[in-house]
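Me: I am learning to read structures and would like to know what stands behind the words used for them. Please take the model below and go through it with me.

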Amino acid sequence: MMLAAIEFAYWQTTIFKLILALVVVLGAAGPSVYIYLFKMVSFMQSRLGPMEAGPYGSMQLLAEVGKSAQKEDIVPERADRFVFKAAPYVVLISTFLLALVVPFGPDAVFVDLDVGIFFALAVSSISVIGILMAGWASASKYSLLGGLRAAGQLIAYELPLVLAVVGVVIQAGSLNMQKIVDAQIQGEIFGQSVIGNPFILTQIIGFFIFMIAVQAELTQVPFDMPIAESELVSGYMTEYSGFRFLMFFIGEFATANIFAFMASVLFLGGWGVPQSLMDAIPGLATEIGVDGNIIYSNAFNVIGPIIMLAKMFALTFIIYWVRFTFPRFREDQLQKFAWKVLIPLALVNIAITGVLKVVF
Amino acid sequence: MTAINDRRQLAYAAAQATDARVNIELEAEGMTLNIGPQHPATHGTLRIIVRLDGEQVIEADPVMGYMHRGYEKLTEVRTYPQVTTLINRIDWVSSFANEVPFILAAEKLMEVEAPPRAQWIRTILFELGRIANVSMFLGDMGVQLGAVTPMFYALRDREFILNQIEAATGGRFHPNFDRIGGLKDDLPAGWIEDTRLALDKMEYFCQQVEDLVIGNEIFEQRTRGIGIIPADVGLSYGLSGANIRASGVDWDLRRDNPVGLAWDQVDWRVWTHPDGDSFARYWVRLQEVRESCHIVRQLLDGLPSGPIMAKVPRVVKVPEGEAYVACENPLGQMGYYLVSQGGLTPFRVKVRTASFSNMSITPWLLKGTYVADVITILASLYFILGDLDR
């Protein structure tokens with residue numbers, strides 16, 4: 001709406017969105033690497049982390065990028081050259097595609113798809129192909145083991161991820177991520193509309209299943225069997241060096257951010273604040289459009305991304321906190337965990353949600 | 001034009017051959033995986049050739065000797081005081097514990113006995129070495145399981161112990177402090193109080209490890225029932241130290257083979273665990289660190305006064321004869337078989353190191369396990385590469 005009001009041409013908005021997508025995906029990954037991987041972990045492990053590059057080590061990531069960019073791009077002799085080189089791009093593409101449907105404000109969304117969440121879960125599986133490509137094409141046994149482990153794990157944890165989302169979709173009555181945010185802003189819980197209805201309250205089981213599955217999708221501890229640096233050296237990334245390794249690395253952190261964005265949309269109310277708060281603050285009042293649609297204040301296109309960032313950082317904090325605390329599962333244990341615990345639990349959650357939806 | 005075609009054909013043929021090689025390797029029953037000699041889990045240069053069926057190990061074959069430094073042979077051209085410098089480097093994490101059995105063997109042949117104060121200080125440094133060594137294990141096991149944080153806690157708190165060793169001996173890792181007939185120096189002033197503080201830190205670390213690692217369900221899942229060594233199998237492979245005590249064998253050389261050090265003067269107990277799995281080995285070692293802290297505290301309280309050096313001639317010549325002295329090294333039984341022909345140098349020294357015997361069980365133990373468990377089992381057996389290859 002806001003963009004339409006200023007009348008941009010289609011190609012202008014496209015370029016604008018393209019740059020914005022880069023900023024959202026890569027720009028958010030940088031701070032999260034610095035805050036969590038460099039600093040928070042260091043404090044957890046009673047050390048300081050990087051302190052030399054820039055004030056308080058804040059430029060460390062730039063130094064790392066510069067270092068990686070300079071390094072030789074080694075391709076192993078027996079590797080399948082094209083597949084080996086293409087694999088990191090495939091992984092990164094899945095990250096960018098994920099970011100497309102996440103709404104950051106009433107109009108601040110790259111593509112407002114009606115099957116938004118469905119699309120997001122579908123494209124998140126593309127990274128499996130990239131990882132399998134990397135594992136196979138490296139022509140290294142460690143990579144192959146890592147790639148196959150990753151494929152098995154990602155496919156197993158795709159199911160709980162989808163099933164956890166189904167509960168939210170039932171409650172919101174839509175696959176569109178904007179509608180899901182709408183439902184949480186407008187909703188009421190036990191007749192109280194003071195805090196809206198963030199689905200984390202009613203879908204607490206779904207939220208935990210979603211976060212666990214996200215942890216597994218990101219192949220982070222305790223589900224980091226595919227990388228398992230103490231046994232598989234670095235899994236499917238073993239043979240990568242320089243910039244291609246960096247792409248895997250950035251991809252991992254960017255995907256963590258995007259999944260956290262998605263979780264905050266699905267469970268924490270996304271970019272919105274409760275309707276009661278909107279009514280209380282003068283500039284944020286909502287209007288009812290001619291066709292009965294709710295039109296939110298334009299200010300949310302600015303406030304929304306900030307709220308989303310705050311929620312994202314809160315959720316990624318949990319992701320990295322777990323990552324640096326737990327030991328890892330064995331391959332068969334984590335498969336059992338997915339199939340015997342998470343999936344039945346998610347199905348029960350869906351059944352209960354469905355029944356309650358009909359009752360209330 | 002033909003040249004280009006030829007080159008293309010050659011490249012194609014080469015690619016085909018490569019594919020065929022890879023396929024043959026994959027289709028043959030099992031895949032051979034070389035763990036090491038350069039691998040993050042081997043702490044150095046151990047190589048294990050593993051034949052895999054999927055992720056299950058059919059056959060494991062450890063190849064040792066990548067770090068062989070010939071210390072047994074080198075001792076034959078070193079005088080007795082020089083030998084301690086060498087054997088310091090066998091198990092480099094608790095060096096002082098390597099010196100003691102050798103010095104005791106030489107003293108046995110010379111019929112010299114160190115004065116009580118020297119014996120007590122030897123015991124204190126021995127136990128501090130054990131704490132420094134085993135706390136490394138307590139952290140490292142976490143790393144092998146994917147939890148990096150316990151390792152940093154171990155490195156942080158071990159530093160206090162290393163500082164104390166440095167304050168007393170001048171060397172953090174390689175003290176070279178033990179002499180035939182006693183010790184090089186007495187303890188510096190204020191050392192006893194500082195050591196008590198360092199032990200406080202270490203006991204706190206043990207509590208942290210218990211909360212963070214032992215209390216973790218994933219850790220239990222990864223270690224309970226994994227790599228079980230029955231007591232009789234362990235004994236037949238010559239396992240010693242915490243590895244055999246974790247199988248329920250109540251055997252500790254500190255108690256069962258008194259060599260003159262002060263262990264029989266203090267009140268302590270030997271910890272055993274009936275299970276014999278990786279968890280039991282971890283648990284026993286954790287209790288041993290606590291017990292060592294307990295031992296050192298008592299030794300500090302009752303440290304006798306007196307000289308630290310017996311009367312020994314300036315040029316050490318060990319009379320003709322043979323002696324074997326074994327001590328309970330942090331890794332297990334470590335013994336020196338010393339043969340002297342009355343000269344300035346030993347005629348032959350045979351070192352019995354714990355890691356070598358502990359590793360010998362791996363072909364038996366790793367059969368049928370998963371690749372992921374290979375790493376945790378190796379970590380729980382706890383070997384030091386220098387101790388393995390000498």
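The questions and replies below go through confidence, overall form, sheets, domains and the contact between chains.

Me: What makes this a model to read with some care?

Reply: The model is predicted. Chain A has an average pLDDT of 83, and 98% of its residues score at least 70. Confidence in chain A is lowest in helix α1 (residues 2–6) of chain A, with a mean of 55, and highest in helix α10 (residues 204–217) of chain A, at 89. Where pLDDT is low, the predicted coordinates should not be read in detail.

Me: How do you know whether the radius of gyration of chain A agrees with that of a compact globule?

Reply: Set the value against the rule. For 360 residues, a compact globule would have a radius of gyration near 21 Å, and chain A has 21 Å, so the value agrees. Along its principal axes, the C-alpha trace of chain A spans about 65 × 50 × 45 Å. Chain A holds 14 helices and two strands.

Me: Why is the group β1-β2-β3 of chain B called an open sheet?

Reply: The three strands are ordered β1-β2-β3 (chain B), with antiparallel pairing. β1 and β3 of chain B are at the edges and have a single partner strand each, so one side of each has no neighbour in the sheet. On average, neighbouring strands of this sheet are turned by 20° against each other, direction ignored.

Me: How do you know that β1(B) and β2(B) pair?

Reply: Two strands count as paired if there are at least two bridges between them. β1(B) and β2(B) have five bridges, in the antiparallel sense, so the condition of at least two is met. Among the residues involved, T32(B) stands opposite R51(B) in β2(B), and L33(B) has V50(B) in β2(B) as its bridge partner.

Me: What makes β2(B) and β3(B) a pair as well?

Reply: β2(B) and β3(B) are joined over seven bridges in the antiparallel sense, and the cut-off is at least two, so they count as a pair. L52(B) stands opposite V57(B) in β3(B). The hairpin of β2(B) and β3(B) has two residues between the strands, and G54(B) takes a positive phi near 65° there.

Me: What makes β6 and β8 edge strands in the sheet β6-β7-β8 of chain B?

Reply: This is an open sheet of three strands, in the order β6-β7-β8 (chain B), and its pairing is antiparallel. β6 (321–329) and β8 (348–352) of chain B each have a single partner strand, so each is left with one side that has no neighbour in the sheet. Neighbouring strands here are turned by 10° against each other on average, direction ignored. Helix α4 (residues 95–110) of chain B packs on the sheet and touches β6 and β7 of chain B, with its direction at about 150° to that of β6(B).

Me: How do you know that β7(B) and β8(B) pair?

Reply: Strand β7 (residues 332–340) of chain B and β8(B) share five bridges in the antiparallel sense, so the requirement of at least two is satisfied. V339(B) is opposite R348(B) in β8(B).

Me: How do you know that the two domains of chain B touch?

Reply: The domain assignment gives chain B domain 1 (2–63) and domain 2 (73–389). Their C-alpha centres lie 39 Å apart. Contact is judged residue by residue, with C-beta atoms within 7 Å. By that test, 14 residues of domain 1 of chain B are in contact with 15 residues of domain 2 of chain B, so the domains touch. On the domain 1 side, β2 (47–53) and β3 (56–63) of chain B are the elements that give two or more residues. β3(B) gives the most, with six residues. By class, that side has seven nonpolar, four polar and three charged residues.

Me: What makes up the side of chain B that touches chain A?

Reply: By the contact test, 29 residues of chain B meet 26 residues of chain A. The elements of chain B that each supply at least two residues to this side include α1 (2–27), β1 (31–35) and α5 (116–144). By class, the side has 17 nonpolar, eight polar and four charged residues.

Definitions and conventions: Residues are numbered from 1 along each chain as its sequence is written. Chains are lettered from A and ligands numbered from 1 in the order in which they are written. This is a predicted model: local features need pLDDT of at least 70, side-chain atom pairs count only at pLDDT 80 or more; totals for chains, interfaces and linings use all residues. Helices (H or I, at least four residues) and strands (E, at least two) are DSSP runs, numbered from the N terminus. Ala, Val, Leu, Ile, Met, Phe, Trp, Tyr, Cys and Pro count as nonpolar, Asp, Glu, Lys and Arg as charged, and the others, Gly among them, as polar. Axes are lines fitted to C-alpha atoms, for helices over the stretch in contact, and angles run from 0 to 180 degrees between N-to-C directions. Domain bounds come from an automatic or database domain assignment. pLDDT is the predictor's confidence in each residue, from 0 to 100. The radius of gyration is taken over C-alpha atoms; the globule rule is 2.2 Å times the number of residues to the power 0.38.
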